[in-house]
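Hi,

Here is the structure I said I'd pass on to you. Have a look at it first, and then read my notes below with the viewer open.

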Amino acid sequence: MRIRDLVGIAELGLTLLAGEEHLDRDFTGVQVTDLPDPGRYLSGGELVLSGLMWRNGPEDSERFVGRLVEAGVAALGAGSAWFGAVPEDLVRACRARGLPLLTVPVEVSFRTVAEMVTPRHTELRDALGRHRRIVAAVAEGAGLPELFALMDTELAMAGAVISATGTVIAGTLDRADAVRLAHEYLTAPRLPHAVRDPSGSFTIFGVGREHRAAGWALVCGGDLLGEADLGFELAACVALERTRMEEGRRVERRLAEQLIALARSAGSDPAELNAGLRTCGIGPAEPYSVVNVTVARPGTAGRPDPATLGGQVLEELLRPRVVAAAGEDGAVALVPLSGTAGELAETLRADARALTAGLPGLRVSIGVSAALTGPSAIRGGAEEAGHARRLAEARGGAVVTSDEIYTHALLLATVPDDVRRSFAARMLDPLFDYDRRHQSDLVRTLDTFLDCVGSWNTCAERLHVHVNTVRYRIRRVEELTGRDLSTMTDRVDLFLALRGS
């Protein structure tokens with residue numbers, strides 16, 4: 001540590017009385033002594049602290065300073081309690097010998113000075129200074145790449161920002177590590193969270209106050225739980241940069257909302273739609289899909305709003321390609337396609353699985369339209385995606401494509417739950433009651449029979465029973481339900497009841 005740095009520690013209140021020309025001299029440690037001749041106890045390079053109890057007269061100052069200079073000490077710190085002030089003869093002796101002389105205030109103990117300049121304290125002070133330089137750089141507009149470059153050079157610390165599904169947003173981190181640490185982030189009971197395994201140790205800090213499913217995590221190399229304040233400050237720097245990015249996205253979201261509203265309105269202007277499509281980064285001949293999403297956690301009373309959270313999650317899953325417009329019917333986004341709509345759906349399925357694996361009970365419902373081109377297809381694509389998302393919700397959370405909605409499942413998904421349950425109960429309750437009372441298998445037999453398109457032999461083979469057993473059971477089903485399974489109408493009714501139960 002340099003004499004200049006020591007004088008600069010405001011808490012100590014040291015005053016330089018001599019040796020201004022040697023402020024950049026380093027000292028290696030602290031030695032406290034009041035011996036008249038401490039030379040034999042000094043190895044050179046020390047800061048000597050003395051209460052001046054060795055001084056009986058002016059001539060003692062010259063002798064004491066001479067011994068210090070011969071021993072090669074770096075500076076002398078003199079307490080003023082014994083004489084009320086540092087004697088002028090000591091000041092003259094230090095000036096004559098070129099020895100920096102500092103006065104230590106009465107209220108500051110030598111122990112405090114020693115603790116402030118120990119290697120550990122110096123290291124922490126230097127780290128604090130480097131940390132402050134990082135915070136100042138971010139406050140002045142440095143982005144995430146600059147932040148991590150500063151972390152590397154100033155703190156010798158590796159770091160990265162990852163999404164909840166393991167996308168590396170900034171910094172350097174192996175993909176496998178990013179996915180693993182993202183799961184740790186989602187499942188951690190509290191943050192910060194330390195991860196220690198054979199591949200290394202990391203500390204995970206949350207960034208901002210977003211729901212974890214849409215959140216970012218700051219991953220720092222090493223175990224920082226003992227220095228969590230440093231991690232919290234770095235996470236705050238990342239949150240500041242995310243806030244800046246969000247400011248720009250607000251404008252894009254408003255444009256997306258306007259485009260969706262325009263596409264759904266009657267008599268919309270094709271030129272306006274074309275212009276809106278281009279604001280989403282999609283050319284007139286480029287393929288895209290409309291995606292509709294809600295994300296909810298049962299029992300949270302709609303907080304946060306499923307459409308709002310769905311939009312945030314979707315933007316993170318597909319970043320930086322899309323912005324999502326959150327509305328009353330889910331969050332909607334137009335997603336440029338680099339492959340097929342099916343491939344997009346598979347990507348979303350994998351990411352949704354990662355989220356629900358880390359946050360059990362989270363219900364991610366996503367509908368994906370077919371591949372579309374041109375502005376005129378937006379309206380139909382939005383309807384397809386909305387129907388698919390509602391079917392996904394009916395399944396308790398899933399990713400559903402437009403190919404799946406043009407079936408009976410779409411009709412069931414659009415029927416109110418109470419109506420669907422009432423229909424199923426009216427049709428099937430007699431069978432469930434009979435099975436409970438007689439330990440029989442009528443419901444399973446009916447389901448298998450319909451799945452076998454009414455084939456007696458195929459149904460018997462699947463159930464591993466004699467064909468006559470199947471005939472007997474189906475006859476009992478017809479008696480209990482009042483339906484004729486030789487007719488298509490009654491078969492359809494019972495099939496829908498089974499699927500809607």
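**Starting from E316**

Leaving aside its neighbours within four places in sequence, E316 is in contact with S163, I169, A214, W216 and R242. One thing to keep in mind as you read on: this is a predicted model. If you want to find E316 on screen, go to helix α10, which covers residues 306-317. Is E316 buried or exposed? Its relative accessible area is 6%, and buried means under 20%, so E316 counts as buried.

**Two cavities**

Next, the empty space inside. Rolling a probe the size of a water molecule over the atoms shows where empty space is left. How many cavities of 30 Å³ or more are there? The count comes to two.

The largest cavity has a volume of about 40 Å³. Which residues line it? They are W216, R242, M245, E246, R249, E316 and R319, so you meet E316 again here, along with two of its contacts, W216 and R242. Helix α8 (residues 228-264) gives the largest share of this lining, with four residues. Sorted by class, the lining of the largest cavity has five charged residues, two nonpolar ones and no polar ones.

The second largest cavity has a volume of about 30 Å³. Its lining is made up of S163, A164, T165, A213, A214, G215, E316, L317 and L355. E316 is therefore in the lining of the largest cavity and also in that of the second largest. By class, the second lining has five nonpolar, three polar and one charged residues.

**How α10 meets α11**

Now stay with α10 and find helix α11, residues 341-358. At what angle do the two helices pack? The angle is about 120 degrees, and their axes are 11 Å apart. The crossing of α10 past α11 is right-handed. On the α10 side, V313, L314 and L317 do the meeting, while α11 brings L348, D351 and L355. That contact has five nonpolar residues, one charged residue and no polar ones. You'll recognise L317 and L355, as both of them also line the second largest cavity.

**Some backbone oddities**

Here is a bit of background for this part: most residues other than glycine have a negative phi, and most peptide bonds are trans.

Where is there a cis peptide bond? Look between L191 and P192, where omega is about 5 degrees. P192 is in the loop between α7 (175-187) and β8 (193-197). Apart from its neighbours within four places in sequence, P192 is in contact with T203, I204, F205, L225, A228 and F232. Try L225 in the viewer: P192 and L225 are 33 residues apart along the chain, and their C-alpha atoms are separated by 7.1 Å.

Then there are a couple of positive phi angles to look up. L52 is not a glycine, yet has a positive phi of about 70 degrees. L52 lies in the loop between β3 (46-50) and α2 (58-71), and is buried, with a relative accessible area of 0%. Q439 is not a glycine either, and has a positive phi of about 55 degrees. You'll find Q439 in the loop between α15 (417-438) and α16 (442-451). Is Q439 buried or exposed? At 69% relative accessibility, Q439 counts as exposed, because the cut-off for that is over 50%.

**Two more to click on**

L494 is in helix α19, residues 488-500. L494 is buried, with a relative accessible area of 0%. Which residues is L494 in contact with, leaving aside neighbours within four places in sequence? The list is M427, L428, L446, L450, T481, R483 and L485. For a sense of distance, the C-alpha atoms of L494 and A160 are separated by 55 Å, with their positions 334 residues apart along the chain.

Finally, E252 is in helix α8, the helix that gives four residues to the lining of the largest cavity. E252 counts as partly exposed, at 41% relative accessibility. The C-alpha atoms of E252 and W54 are 77 Å apart, and the two residues are 198 residues apart along the chain.

Happy exploring!

Methods
Residues numbered from 1 in each chain as written. Predicted model: local features only at pLDDT ≥ 70, side-chain atom pairs only at ≥ 80, totals over all residues. Heavy atoms only, no water. Buried < 20%, exposed > 50% of the residue type's maximum accessible area, 1.4 Å probe, protein only. Contact = heavy atoms within 4.5 Å. Axes fitted to C-alpha atoms, helices over the stretch in contact; angles between N-to-C directions. Left-handed = near helix turned anticlockwise from the far one by under 90°. Nonpolar A, V, L, I, M, F, W, Y, C, P; charged D, E, K, R; others polar. 1 Å grid on protein atoms, 1.4 Å probe; cavity = no way out; pocket = protein on both sides within 12 Å on 5 of 7 lines; lining within 4 Å. Points joined across faces, edges and corners; volume = space filled by probe spheres on them.
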